[in-house]
Amino acid sequence: MTRECAVLLPGVCAALADPRQPGLDDTCLEKLLDWFRSLTWFDPTVELVQDNPCLTELITSVLALPDPSPSILSFTLQLAGILASSESRFQHLQEEKLLGRLFGQEGPRGSVAWEDASVRSAWVKGVHSMVQHQPALHFLCSTGGMDVIFALQGDPSLFVASAASQLLVHMLTFSLESETSKALSAKDCDWPACAQMIVKHIGESLQSSSASQVEQSLKLLSSLFGSCFGSCYAAWTEVLWLDVAKQIKSFLLKETVQAQPLLANLLLNVARSPVFCGTEGSFWALVTSALEHLTPVQAGPLAVGLLKLCKCPQDVRIQALTVLLQPMDCILRAASQPLECAGLLDESVSDPVTVESLLSSKTSCAGLLCQTLAHLEKLLSLKHLRVDLPYVSLLHSLMTILQFCNGFLSPTSPLGSTISRNLINCFRVQKSALDVLAALSEKKDCGTLIGSLFDVLLAYLQSPNTSPTVLKKTFQATSKWLVHLQELSCSNSQWQQTEKILEDVFVVLQKRLCSPCWEVRDSSLEFLTAMVKCLRDQKEFRQCLLSSEVLRLTENLLEDPESYVRASAVTAVGHLAFITCFAPESPVTGSQYHKESIVAKLQEILSTDSEGFPRRAVISIFTKWLREGCTGQLEDTEQFVSRVIQTAEHDLDWEVRLGSLELVEVFCSQTICQLSQCPYAPVSSAVTSSSPQKELLQVFCRAKLFGFLFGSLCDCDKPVGQRACDVLIGLRGHFYPVSTLENPQEVQDSPAGRGIAWLQRTLRQGSLAQNFPTDGGDGVDFQDPESMMLALGAIDLLELHDELNKSSDHVEESPQSLLQDILATVGTIEDNEVDCY
């Protein structure tokens, strides 16, 4: 603790304990507790409380109050716990007889204050902070504290109940730390005293007739096995599991027990423990039983969790996959005539009638399918899946679900008719199914159904009943499958099928680009951009694109009344330019798609559009063009960049200004590559004055880069200044080796020295100098190569970089400032307006 803080602290403690003072803002109290946590973390000695007796005086004063406010009592409980976190300070507070009055039987837990949830929560947090050594454990066990914590597990406040459960996990784990060296077996072990109390409580609660007590213990067990206890204390984990396994098994067989939904999470956390790595043993038999007896909704999370485990036995893994595929299997069977489709599974884990009844119910059908589809999407995202998914049958099932949802399939079976009625126009299921469909596009062996698949996708794209959100998902799935289709065409020479599908897609796209709904127009443009990114080198795609009206319609949308659509149109036009303007032999010549025309339109949007989204999109596209070398020769690129930054530097949207700095960075690196013999490498002092370096400076000055970069250092939005500083430091690293920066005295004596000194002073003002003159004000010529060379070498850019990266509250956030704020606040009767951040 600094001397300044030590001087302020007694006044703060006195104010906190004074009931006449107005209550402090909770945020101030939390910040104060954070400060004490940091102090005690770095210094476990008793000196903190001995040298600052005001801390114990504060606790004593609060305890003496007949009716302390809940906030001050909560603060005191947490403070005492933090101070007692080291054994020496714990003993000191015990000698002062304070801990028993806070956390013992004579403490607040029997008073009116205990009715306030914040006080109960603070008591638990204080105990949690304190239990970092054995004396604290013994104190708690001997003063009835364990019974309080057990009771708080069922507290009506979820925050208190959760904190109590976390505390018990911590206490059990901590109590075993001194026992880790002992040899243990499942047959012969002695739990330490505190751990024994917790384990006994768990066992008694599991056998209780109270459903809430059973639920609390299952949650506690789940937290225990999911914490470091389950992974670091293998022998104790096995002992604990053997104590409770029989009772857990009985819960699985009692279908009326409310605790069943918690069993899946518990078993999954146990399965993650290293104790159960082997394929033998009763545990995996219990997991198998759970997969059979839990409902499909309860078993789903357990099944997908097991499939992610690398150590799960193969037979259990197959059974888990079967659980996930059962609803999809039921869909296929319901949609087909007998024997027409074999479904996904040869046999089921649980009774198929259970799944059929859930899918037959209007209330449960969509929920079960959405959960199943979400689990399947997770599995498809895994790089290494240790079971084989039946991709073709799964794709067939997804197509069936989508056809049920839009009414394009009329099954003859009674079950199929019921499911179809339940799913008609069900947007939730449609979106989930389309997500899985998109994920399947990366899997092999699905080519046999690709014609039927595109029939389903095109039906959704064409239907007026498809909602905008579902249409967006359909576009995303279609773009991924078009890439897959292109790969199949290349390998199987299925050109005619590909061409027909692309033609149909473009017909639909033309219609959707003219939709009265702006979300549809926006999704259509995003879809077009995605296709161009992936397929612009494919001949069939280019032919279908150029023979359609898509180019004209997209360009028209640059003037759309909705700014999101204009932004998406800018992006689409920018990517289409790789086909229409920048291809080696552009297929579109002598038309409105001439490069100069497109560039002019986008520059007009950058300078005149009233919304930020389209302007940001223009900067992003210009940067992409520059990266891919589409802006012509160096002279053309120089003029292009200069025009862009002169427009963008006055933009009111900071993201546009930030994007233009990225454009400048790309231009600088590309120009250095073109004009320097060794790209990106710092040059030695011997070649600093060589022709390529002079030419580089001349190019940058003609493009008016330096005025833009130095002006951006004073931008009122910090990210802009930070990026500009990064670019300038990069340039200086090229023009100057670290050891050859300009001598300040030589700079001062040079003709440009006065202007550079002014520039240095101005930059130190930061955003106060945001009206930065970039036209040679105060003798600085930002287009003079020699002056800019001197400026790069003389100005302390690293110091500016440090200043720009400092948090705006690096002074106000200090503990001293916090204590001063508290003292300034107490004693006033106005509402607390302190900003302790």
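Biologist: What makes arginine 536 count as lying over the face of phenylalanine 578?

Modeller: In this predicted model, arginine 536 is placed 4.2 Å from the ring centre of phenylalanine 578. The cut-off for a charge over a ring is within 6 Å of the centre and within 35 degrees of the ring normal, and this arginine is listed as lying over the face.

Biologist: Phenylalanine 578 has other company, I guess. What does tryptophan 625 touch?

Modeller: Phe578 is one of its contacts, and others include Gly574, Ala577, Phe582, Ile598 and Cys630. That leaves out residues up to four places away in sequence. Trp625 is also among the residues with the most contacts inside the largest nonpolar core, along with Trp241, Leu306, Phe700 and Phe710. That core has 275 residues.

Biologist: Let's do rings. How many aromatic pairs are there, and why is the one between tryptophan 191 and tryptophan 236 called tilted?

Modeller: The structure holds 17 aromatic pairs. For tryptophan 191 and tryptophan 236, the centres are 4.6 Å apart and the planes sit at 35°. Stacked needs under 30 degrees and edge-to-face needs over 60, so 35° makes this pair tilted.

Biologist: What does that pair tie together?

Modeller: Tryptophan 191 is in the loop between α11 (158–175) and α12 (193–206), while tryptophan 236 belongs to helix α15 (residues 234–253), so the pair links parts 45 residues apart in sequence.

Biologist: And how do you know whether phenylalanine 700 and phenylalanine 706 are stacked or edge-to-face?

Modeller: Look at the angle: their planes are at 75°, with the centres 6.5 Å apart, so the pair is edge-to-face. The cut-off for that label is over 60 degrees.

Biologist: Are those four rings buried or exposed?

Modeller: Buried means under 20% relative accessible area. Tryptophan 191 has 13%, which makes it buried, and tryptophan 236 is buried at 3%. Phenylalanine 700 is buried at 0%, and phenylalanine 706 is buried at 0% too.

Biologist: Which residues do ring pairs link into a cluster?

Modeller: Phe225, Trp241, Phe283 and Trp284.

Biologist: On to helices. Why should helix α5 span 20 Å?

Modeller: The expected span is 1.5 Å times one less than the number of residues. Helix α5 (residues 70–83) has 14 residues, so 20 Å is expected, and its end C-alpha atoms are 20 Å apart, which agrees.

Biologist: What makes α5 largely enclosed by the rest of the structure?

Modeller: 12 of its 14 residues are buried, so the helix is largely enclosed. Among them are Ile72, Phe75, Gln78, Gly81 and Leu83.

Biologist: Polar residues now. How do you know whether asparagine 406 and arginine 109 are buried or exposed?

Modeller: Set them against the under 20% cut-off. Asparagine 406 has 18%, so that residue is buried, and arginine 109 is buried at 17%.

Biologist: Where do they sit, and what do they touch?

Modeller: Asparagine 406 is in helix α22 (residues 391–406) and touches Ile424, Gln430, Ala459 and Tyr460 beyond four places in sequence. Arginine 109 is in the loop between α7 (99–103) and α8 (117–130). With neighbours within four places set aside, its contacts include Trp114, Trp123 and Val148. The C-alpha atoms of arginine 109 and arginine 120 are 7.7 Å apart, with their positions 11 residues apart along the chain.

Biologist: And what is the whole chain made of?

Modeller: The protein chain has 43 helices and zero strands. Of its 837 residues, 52% are buried.

Technical notes. Residues numbered from 1 in each chain as written. Predicted model: local features only at pLDDT ≥ 70, side-chain atom pairs only at ≥ 80, totals over all residues. Heavy atoms only, no water. Phe/Tyr/Trp six-rings, centres within 6.5 Å; stacked < 30°, edge-to-face > 60°. Helix = DSSP H or I, 4+ residues; strand = E, 2+ residues; numbered from the N terminus. Buried < 20%, exposed > 50% of the residue type's maximum accessible area, 1.4 Å probe, protein only. Core = buried A, V, L, I, M, F, W, Y, C linked by side-chain atoms within 4.5 Å. Contact = heavy atoms within 4.5 Å.
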